[in-house]
Amino acid sequence: LPTTAIPVTTTSMPKTTGLPHPICDFESLCSWTNSTDNKLDWSPMSGSTPTSGTGPYVDHTVGTRVGHYQFIETSFPKRPGDFARLESPVLNATQSYCVRFFYHLYGSSIGNINVRIKENGVVSDPLPGWPKSGPSEDVWKEAFVNINPRVQPFQVVIEGVVGNSYFGDAAIDDIDVLKQPCSRGHETTGDPPSVVNIVG
């Protein structure tokens, strides 16, 4: 497989976090953590995932096989519907946020990625516009989720769900949380609009 960087399409939104935590590019310590409710965990990876024909072969941050991302390993003993949840730090309820990240869904039996909200230990249904699933494409796609002020402090949850077989390694990279609404111009190129308003 090639080791050179691959081109990616991004918007002009500045890559500066709105939180007192670094952007989660998974090249260093990250403030997002695996949930204790997981059936499996998001796991760090560089280069290709262990199963050929699924998952990325380069990360999004640097576009090479030495860069890191997070993925879900869907081989046995994982079962269809098992999930991994990555949780943000606790966010202030009175603030608007724009959550930006990149996701990769490639494989003949790819599952999906959801975005949810967690409040008081309870995880919501997938937010409007989610889940993201096929068609299977070996590309990194960009997503934005606009979250309006809510009633109480909360966490954002990014969830990967196992598909029907081991050809379903979903991946995420470069998560950012900005203390501002998402612009309607910041939508995933080639995808249905990923900017949605979530009201508490």
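A charge sits over a ring if NZ of Lys or CZ of Arg is within 6 Å of the ring centre and within 35 degrees of the ring normal. In this predicted model, Arg150 gives one such case: its charged end sits over the ring of Phe154, 5.6 Å from the centre. Lys132 does something similar with Trp130, where the charged end sits over the ring at 5.3 Å from its centre.

Trp130 is a good place to move on to the aromatics. Ring pairs join Trp130 with Phe101 and Tyr103 in a cluster. Look at the Phe101 and Tyr103 rings in that group: their centres are 6.2 Å apart and their planes meet at 55 degrees, so this pair goes down as tilted. For the edge-to-face label, the planes would have to be over 60 degrees apart. How accessible are these two side by side? Phe101 has 0% relative accessibility and therefore counts as buried. Tyr103 comes in at 4%, so Tyr103 counts as buried too, because the cut-off for that label is under 20%.

Now for the wider picture: how many aromatic pairs does the structure hold? There are five of them. Among them is Tyr69 with Trp140, an edge-to-face pair with 5.9 Å from centre to centre and 70 degrees between the planes. Why does this pair tie together parts that are apart in sequence? Tyr69 belongs to strand S3 (residues 68–71) and Trp140 to strand S8 (residues 140–147), so the contact links parts that are 71 residues apart in sequence. As for their surroundings, both Tyr69 and Trp140 are buried.

Notes. Residues are numbered from 1 along each chain as its sequence is written. This is a predicted model: local features need pLDDT of at least 70, side-chain atom pairs count only at pLDDT 80 or more; totals for chains, interfaces and linings use all residues. Side-chain values use heavy atoms; hydrogens and water are left out. Rings of Phe, Tyr and Trp (its six-membered ring) pair if their centres lie within 6.5 Å; planes under 30 degrees apart count as stacked, over 60 as edge-to-face and the rest as tilted. Helices (H or I, at least four residues) and strands (E, at least two) are DSSP runs, numbered from the N terminus. Buried means under 20% relative accessible area, exposed over 50%, partly exposed in between (1.4 Å probe, protein chains only).
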